[in-house]
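Here is a walk through one protein model. Start with the overall fold, then follow the chain to the ligand and on to two loops.

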Amino acid sequence: MTDVLLWVVAPYLAIVLLVAGTVWRYRYDKFGLSTRSSQLYESRLLRVGSPLFHFGLLMVVGGHVLGLVVPKNLTEFFGVSEEQYHLVSLGMGSLAGLATVTGLGILLWRRVRTPAVRGATTGNDKVMYVVLVCVLLAGLATTVITNGVQGGYDYRSTVSPWFRGVLLLHPDPSLMASAPLSYRVHVLFAMVLFALWPFSRLVHAFSAPVRYLVRPYIVYRSRDERPVERRMSREWQRR
Ligand code: HEM
């Protein structure tokens, strides 16, 4: 019964809150769908912490897609053995996780130490930061401790098929229930984070200005200070 609650009911509850909460936030707070930027208050630490956190997280997300969505037999089909996969995920995962945690550490230090930035932090954001730290530290523990120091664990035989089961609407709770504690704690915190997502500054991930990369150029012209007659080409001028 507990396993069904944790690994079948809870993930769908988190997904419903994530989707419905985002739609609600979009409808009622369209212009607040942002990071609530604090760059004007402090930019020295932000310049270091923000890229470290965001690029680290992009690598973490890439690793999650590869490890959770791509089935093990597909990587094996392409000649990647479990040992090779393990070594790459340990190396890249540790690097990405450490960059993300260090970046978040700098951002949180800045947020606590700069009074204006601290003042611009909502109650929901404070709760979100605590959960985010727990997700990242538990994730790093799965990679560095369970997968590294303790010799390794093949999560692509349990956590990954469970995750794909959630997406395909037939999750098998016994798969997650048999995973080591660090994985279960990590995934539980991740579900809480997804549920909090729309109600915190994390919602800015859905309003990232991606279209900026492909939008047409904006043409800027300097103001022409000459009198109107001299601005026109000679053909248009009265003779
Ligand atoms: C239900 C969602 C999630 C599942 C099933 C999941 C699963 C996993 C697994 C299996 C690992 C171990 C990877 C390895 O050892 O190679 C891991 C590591 C990690 N996870 Fe997650 N995770 C989820 C959500 C998240 C979220 C939302 C974040 C961050 C906001 C996150 C951050 C991390 C970090 C930092 C690591 C360690 C570095 C790495 O291996 O990439 N995870 N996660």
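**From the fold to the ligand shell**

Read along the sequence, the pattern of the protein is α-α-α-α-α-α-α-α-α-α. That gives ten helices and zero strands. The model is predicted.

Take the overall dimensions next. Along the principal axes, the C-alpha atoms occupy a box of roughly 90 × 45 × 35 Å. The radius of gyration is 24 Å, whereas a compact globule of 239 residues would have a value near 18 Å. Of the 239 residues, 22% count as buried. Contacts reach across the sequence: among those between residues at least 6 apart, 82% join residues at least 24 apart.

Now turn to the ligand. There are 25 residues around the ligand, and S89, G93, G97, G139 and A190 come nearest. Which helices supply at least two residues each to this shell? They are α2 (44-69), α4 (82-113), α6 (123-149), α7 (159-167) and α9 (181-196). The largest share comes from α6, with seven residues. In character, the shell holds 13 nonpolar residues, twelve polar ones and no charged ones.

Helix α6 deserves a closer look. Its 27 residues reach 37 Å from the first C-alpha to the last, close to the 39 Å expected at 1.5 Å a residue. Yet α6 is kinked. The bend is about 30 degrees and is centred on A141. A141 is itself one of the buried residues of α6. The others are M128, L132, V135, L136, G139, L140, T142, T143 and N147. G139 thus appears twice in this account: it is buried in α6, and it is among the residues that come nearest to the ligand. The buried residues of α6 pack against α4 and α9. After α6 comes G151, with a positive phi near 100 degrees.

Move on to α9, one of the helices that α6 packs against. Helix α9 has 16 residues and spans 23 Å from its first C-alpha to its last, close to the 22 Å expected at 1.5 Å a residue. Its buried residues are S182, Y183, H186, V187, F189, A190, M191, F194 and L196. A190 is on that list, and A190 also belongs to the group that comes nearest to the ligand. What covers the buried residues of α9? The cover includes α1 (2-28), α6, α7 and α8 (173-177).

Two loop residues complete the tour. P180 sits in the loop between α8 and α9. Is P180 buried, exposed or partly exposed? P180 is partly exposed, because 18 other C-beta atoms lie within 10 Å, while 20 or more would make a residue buried. Leaving aside residues up to four places away in sequence, P180 touches T146 and Y153. T146 falls within the range of α6, 123-149. The C-alpha atoms of P180 and V159 are separated by 9.8 Å, and these two residues are 21 apart along the chain.

L169 lies in the loop between α7 and α8. Its phi is near 70 degrees, a positive value in a residue other than glycine. Why does L169 count as exposed? L169 has 7 other C-beta atoms within 10 Å, and a residue with 12 or fewer is exposed.

How values were computed
Residues are numbered from 1 along each chain as its sequence is written. This is a predicted model: local features need pLDDT of at least 70, side-chain atom pairs count only at pLDDT 80 or more; totals for chains, interfaces and linings use all residues. A residue is near a molecule or strand if its C-beta atom, placed from the backbone, lies within 6 Å of it. Helices (H or I, at least four residues) and strands (E, at least two) are DSSP runs, numbered from the N terminus. Ala, Val, Leu, Ile, Met, Phe, Trp, Tyr, Cys and Pro count as nonpolar, Asp, Glu, Lys and Arg as charged, and the others, Gly among them, as polar. The expected span of a helix is 1.5 Å times one less than its number of residues. The bend at a residue is the angle between axes fitted to the seven residues ending there and the seven starting there. Two residues are in contact if their C-beta atoms, placed from the backbone, lie within 7 Å. The radius of gyration is taken over C-alpha atoms; the globule rule is 2.2 Å times the number of residues to the power 0.38.
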